[in-house]
Amino acid sequence: MAEGPSTQPNDPITLNEVEALARENLPKHIYEFYASGSDEQNALLRNEKAFDRLCIRPRVLIDVSEVDTTTEILGHKTSLPIGIAPSAMQRLAGGDGELDVARAAVNMGLNLTLSSQSTTSLEDVAKTREGKGNNGIPAPPFWMQLYLHADAQKSVQLIRRAEAAGYQALVLTVDTPVLGNRLSERKKAVVLPPGMELPNVEKAPPTRAKNQPSVNRLLMNARTAAEAKALRDSVGNMMHSSSLTWTQTINFLRSVTKMKIILKGIMTGEDAALAVQHGADAIIVSNHGGRQLDAACATIEALDEIATAVQGRIPVILDGGIRSGTAVFKALALGADFVLVGRPALWGLAYKGREGVETAMHILERELSRTMALAGARNLQEITKDKLGVISRDGFGIAKL
């Protein structure tokens with residue numbers, strides 16, 4: 001792990017403090033674009049609050065003078081069991097956007113997934129890995145996130161660009177047949193300012209205004225069934241596909257890439273079992289940061305069922321609601337092999353560019369390492385389910401999981 005940036009007395013020491021500083025730096029509608037969920041924000045809030053029902057059962061008189069947080073994910077070693085999740089249009093948050101986030105990831109030996117909606121080309125982000133490595137850990141794995149359109153062939157060029165640039169895995173987001181009802185975006189659409197583009201996305205036809213919201217967001221804004229149908233009839237091939245199926249989708253991806261295939265947006269044991277059956281290399285337990293189905297459960301609530309269905313056959317990754325090293329510990333104990341954080345990296349970026357991203361990730365590292373020591377876990381393999389208890393709903397005390 002690389003040494004962190006030099007600290008000053010007023011530097012943030014929790015992710016909540018990083019977010020508060022980011023909020024001060026961002027225009028209100030940009031902060032809300034990143035921070036908000038869908039509808040009544042229930043899934044967004046559940047993602048964080050559900051961790052509170054779990055407590056840690058610490059073991060003592062164990063030599064924890066050396067705590068090892070390194071792990072492997074899909075054959076690549078990383079300094080932490082924590083990667084940076086894909087999030088769109090990071091240059092809106094500040095600094096050099098995706099480049100600052102990628103440089104922080106490389107400096108700290110952290111996995112990164114680049115959003116296909118990034119404001120930096122995937123090739124430029126991939127170059128941050130070249131010749132880099134730290135403390136004996138090779139340059140960390142970079143993955144490429146993808147949405148499939150109704151015309152899946154439109155995605156082939158992007159997939160092949162990612163593979164040629166050295167990305168090790170393709171992360172297919174599977175929970176967006178349509179966008180969730182994101183009220184803040186409907187009230188004030190986020191559009192890119194002049195000079196900022198989405199270089200990994202096919203250019204819009206000349207008939208569309210340059211800074212008009214995407215067709216997916218236009219569909220979200222439709223107020224009648226007739227309006228939605230008319231939009232689909234006119235530009236449906238440019239929208240996220242709502243007709244993906246297990247066999248067709250996985251077979252298509254296998255036919256166009258040798259990269260690992262990760263499915264992001266799995267929330268049930270049934271779908272986890274199907275992911276294994278159809279040959280996915282890993283899954284991400286995700287409700288899209290609470291931005292899709294507002295009535296969905298928290299990702300940590302879905303995790304146990306999913307881990308049980310997978311039975312260790314492929315890695316189970318969790319995102320959603322991770323705001324502390326303690327939450328990372330709980331997710332690993334409940335069956336996750338790895339976790340991703342999205343908003344905390346964005347808050348770091350908005351706070352202080354690359355250095356701010358590193359600040360946020362170092363906070364998580366210190367909290368995880370400290371939690372492991374206090375719980376009596378010397379390495380990630382010792383973070384097991386018997387170290388958790390669930391707080392009783394009706395009585396007093398906890399029950400072992």
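This tour visits three places in a predicted model: a helix pair, an annotated histidine and a loop phenylalanine.

**First stop: the helix pair**

Select residues 15-25, which form helix α1, together with residues 343-375, which form helix α14. Their axes lie 10 Å apart and meet at an angle of about 175 degrees. Because this angle is over 145 degrees, α1 runs roughly antiparallel to α14. To view the contact, display the side chains of Leu15, Val18, Glu19, Leu21, Ala22 and Asn25 on α1. On α14, the partners include Pro344, Trp347, Tyr351, Ile363 and Leu364. By class, the contact comprises 11 nonpolar, 2 polar and 1 charged residues.

**Second stop: His288**

Next, select His288, which the unreviewed UniProt entry annotates as "active site". His288 is located in the loop between β11 (282-285) and α12 (299-310). Is His288 buried or exposed? With a relative accessible area of 12%, His288 is buried, because the cut-off for buried is under 20%. Now add Tyr147, Thr173, Asp175, Thr176 and Arg182, which His288 touches beyond its sequence neighbours up to four places away. Among them, Asp175 merits a distance label: its side chain makes a polar contact with the side chain of His288 at 3.0 Å.

**Third stop: Phe51**

Finally, move to Phe51, in the loop between α3 (42-49) and β1 (54-56). Phe51 is buried, with a relative accessible area of 4%. Select Ala327 as well: the two residues are 276 residues apart along the chain, yet their C-alpha atoms are separated by 6.5 Å. Leaving aside residues up to four places away in sequence, Phe51 touches Ile300, Leu318, Gly320, Gly321, Ile322, Ala327, Lys330 and Ala331.

Note on methods
Residues numbered from 1 in each chain as written. Predicted model: local features only at pLDDT ≥ 70, side-chain atom pairs only at ≥ 80, totals over all residues. Heavy atoms only, no water. Axes fitted to C-alpha atoms, helices over the stretch in contact; angles between N-to-C directions. Helix = DSSP H or I, 4+ residues; strand = E, 2+ residues; numbered from the N terminus. Parallel < 35°, antiparallel > 145°, perpendicular 65-115°, else oblique. Contact = heavy atoms within 4.5 Å. Nonpolar A, V, L, I, M, F, W, Y, C, P; charged D, E, K, R; others polar. UniProt positions renumbered as here; feature names shortened; annotations may be inferred. Buried < 20%, exposed > 50% of the residue type's maximum accessible area, 1.4 Å probe, protein only. Polar contact = N/O pair within 3.5 Å; in protein donor to acceptor, adjacent residues only side chain to side chain.
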